[in-house]
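Work through the exercises below with the model open in your viewer. Try each task before reading its solution.

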Amino acid sequence: MLERVLTNDDPVQSVKYLSTRGEAPVLSFNEAMLAGLARDGGLYLPESYPVLSRETIAGFAGKSYGEVAKAVLLPFVGADLDEATLEGMIAAAYGSFRHEAIAPLAQLGDNLFVLELFHGPTLAFKDLAMQLLARFMDHALKQRGQHATIVGATSGDTGAAAIEAFRGLRNIDVVIFYPHQRVSDVQRRQMTTAEGENIHVVALEGTFDDAQAIVKSLFNHTAFRDEFGLSGVNSINWARVLAQTVYYFTSAVALGAPYRPVSYTVPTGNFGDILAGWIAKRMGLPIGRLGIATNENDILVRALHDGVYETRGVQHTQSPSMDIQVSSNFERLLFELSGRDAASIRAKMASLGQSRGFTLEAPLLAALRAEFDADRTSEQETATEIARCWDRSDMLIDPHTAVGIHAGRRRLAERPATPMVVLGTAHAAKFPDAIEKAIGLRPPLPHHMAGLFDRPERFTVLPNDTAAVETFIRARVGRGPAVKTA
Ligand SMILES: *Cc1c(COP(=O)(O)O)cnc(C)c1O
């Protein structure tokens with residue numbers, strides 16, 4: 001039994017976390033969060049999913065984002081965080097947002113909605129999880145009197161969100177790797193102009209996938225990992241996926257759940273954001289279809305259509321945060337849909353490492369298609385969608401959101417009676433070149449970001465080489481007693 005319906009009288013249970021590869025220790029919430037990646041190379045998932053009753057979900061109507069967040073997160077954090085502490089962290093995390101609703105819904109067309117997830121300090125949805133994760137980690141490390149070194153690969157937005165959320169914290173150093181010359185100027189400056197002695201920004205000579213591979217190899221070097229107390233804040237960190245389930249609840253309830261289903265289309269790269277939707281569904285939220293929307297980096301679309309998950313070279317697009325070939329969180333979904341068959345996941349991941357791909361067996365493929373759609377949006381379609389939203393709905397959208405809206409329209413046409421929510425993952429001002437190309441206008445930066453182009457930049461260019469990266473970390477990162485992650 002993987003599910004457990006919660007009633008209001010239940011005591012808070014301690015959900016434990018297990019690895020998708022079945023060969024790492026079972027951990028508590030704090031331990032899994034501090035570990036990031038499991039020791040066997042797998043990703044952590046809860047042993048069982050708490051299920052919220054219909055009444056609980058119905059009761060979210062009219063509640064604030066913070067109140068819903070507390071109710072959704074509490075069953076997962078187990079004994080590691082008490083209710084009052086969690087409440088305080090949620091208030092602090094979302095206090096810096098530039099919209100009172102935190103994640104407001106905007107209507108774009110008949111039964112078509114955009115969930116605006118870009119009102120946080122760095123203008124992308126990553127802020128929603130990262131602001132909370134920083135508080136979770138800081139709290140856990142202070143309790144233990146330990147230090148951690150966060151290493152993270154970014155295609156642009158994760159790095160900015162992490163730097164903004166963690167800068168100035170004393171128990172944590174943050175080392176962020178972004179693909180050199182492959183992020184937008186706004187994205188780069190958000191990372192390189194942030195102040196804080198605990199922040200170290202690396203421009204890696206390679207692609208996002210190279211950066212992600214470097215991070216994985218740092219984790220797999222056990223002695224190094226232990227010496228520096230390495231930890232991860234990429235979307236492989238369970239706490240991030242968890243924090244992202246909240247806005248599925250708030251938006252679905254605003255559109256009539258639990259009394260009617262709501263479908264979602266999610267601009268997808270590493271599969272974290274859409275996985276959060278699938279988790280919300282497991283928790284009892286009546287989600288209709290889950291639509292994966294990719295740009296021309298379409299590994300997931302090909303996997304759903306052909307049953308073969310196969311990496312190809314990365315294409316550079318105007319939606320760079322999705323210029324990804326290996327969708328790490330897909331492993332979590334495969335693990336669940338294969339009946340938690342860790343041996344089969346190990347075999348698939350070995351095959352991915354050796355021959356750049358693996359096959360989805362017929363039952364697994366059928367299970368995937370039963371819940372998910374997948375659509376690729378071309379560069380031209382992305383530009384056309386930006387123009388259409390501007391011309392017909394007076395809405396300025398970013399290229400990632402455009403990828404989602406284009407796919408969402410197509411799926412809504414198949415099932416016009418079910419509301420379709422497209423996740424608006426970034427603010428248009430973050431990608432001014434793409435917007436200017438599509439509609440001839442350059443969106444201004446929001447007023448709270450004025451000065452971004454005047455501040456000095458700090459970053460180090462490094463070759464795509466693990467040894468060089470380790471040398472850099474050794475030289476830069478101060479060490480307290482390193483956190484011992486399980
Ligand atoms: C990170 C990101 C995505 C992709 O999210 P995943 O969780 O990696 O699938 C999409 N859009 C924007 C703007 C992002 O920053």
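Helices (H or I, at least four residues) and strands (E, at least two) are DSSP runs, numbered from the N terminus. This is a predicted model, in which local features need pLDDT of at least 70, side-chain atom pairs count only at pLDDT 80 or more, and totals for chains, interfaces and linings use all residues. Residues are numbered from 1 along each chain as its sequence is written, and side-chain values use heavy atoms, with hydrogens and water left out.

**Exercise 1. Overall form**

Task: Decide whether the radius of gyration of the chain agrees or disagrees with that of a compact globule.

Solution. Step one: take the radius over C-alpha atoms, and use the globule rule of 2.2 Å times the number of residues to the power 0.38. Step two: for 486 residues the rule gives a value near 23 Å; the chain has 21 Å, so the two agree. Step three: look at the extents. The C-alpha trace spans about 55 × 55 × 45 Å along its principal axes. Step four: count burial. Buried means under 20% relative accessible area, exposed over 50%, partly exposed in between (1.4 Å probe, protein chains only). By this rule 63% of the 486 residues are buried. In total, the chain has 19 helices and 17 strands.

**Exercise 2. An open sheet**

Task: Find which strands stand at the edges of the five-stranded open sheet.

Solution. Step one: apply the pairing rule. Two strands pair if DSSP finds at least two bridges between them. Step two: write the order, β10-β7-β8-β9-β17, with parallel pairing. Step three: read off the ends. β10 (230-231) and β17 (460-463) each have a single partner strand, so one side of each lacks a neighbour in the sheet. Step four: check one pair. β9 (residues 199-205) runs parallel to β17, joined by four bridges. Val202 faces Thr460 of β17.

**Exercise 3. Strand β11**

Task: State how many residues of β11 are buried, and which way their side chains point.

Solution. Step one: count. Six of six residues in β11 are buried. Step two: split them by direction. Val262, Tyr264 and Val266 point one way; Ser263, Thr265 and Pro267 point the other way. Step three: find a partner. Five bridges link β11 to β12 (residues 287-294) in the parallel sense. Val262 stands opposite Ile287 of β12.

**Exercise 4. Unusual backbone**

Task: Locate a cis peptide bond and two non-glycine residues with positive phi.

Solution. Step one: check omega. The bond from Ala257 to Pro258 is cis, with omega near 5°. Pro258 sits in the loop between α10 (238-254) and β11 (262-267). Step two: check phi. Leu123 has a phi of about 70°. Its loop joins β6 (112-116) and α5 (126-144). Phe271 has a phi of about 75°, in the loop between β11 and α11 (272-282). Step three: check accessibility. Leu123 is at 1% and therefore counts as buried. Phe271, at 1%, is buried too.

**Exercise 5. Surroundings of Leu412**

Task: Which residues does Leu412 contact, leaving aside neighbours within four places in sequence?

Solution. Step one: place Leu412 in helix α17 (residues 399-414). Step two: note its 10% relative accessibility, so Leu412 counts as buried. Step three: list the contacts (heavy atoms within 4.5 Å). They are Asp110, Asn111, Leu112, Thr418 and Met420. Step four: widen to the chain. Among contacts with a separation of 6 or more, 77% join residues 24 or more positions apart.
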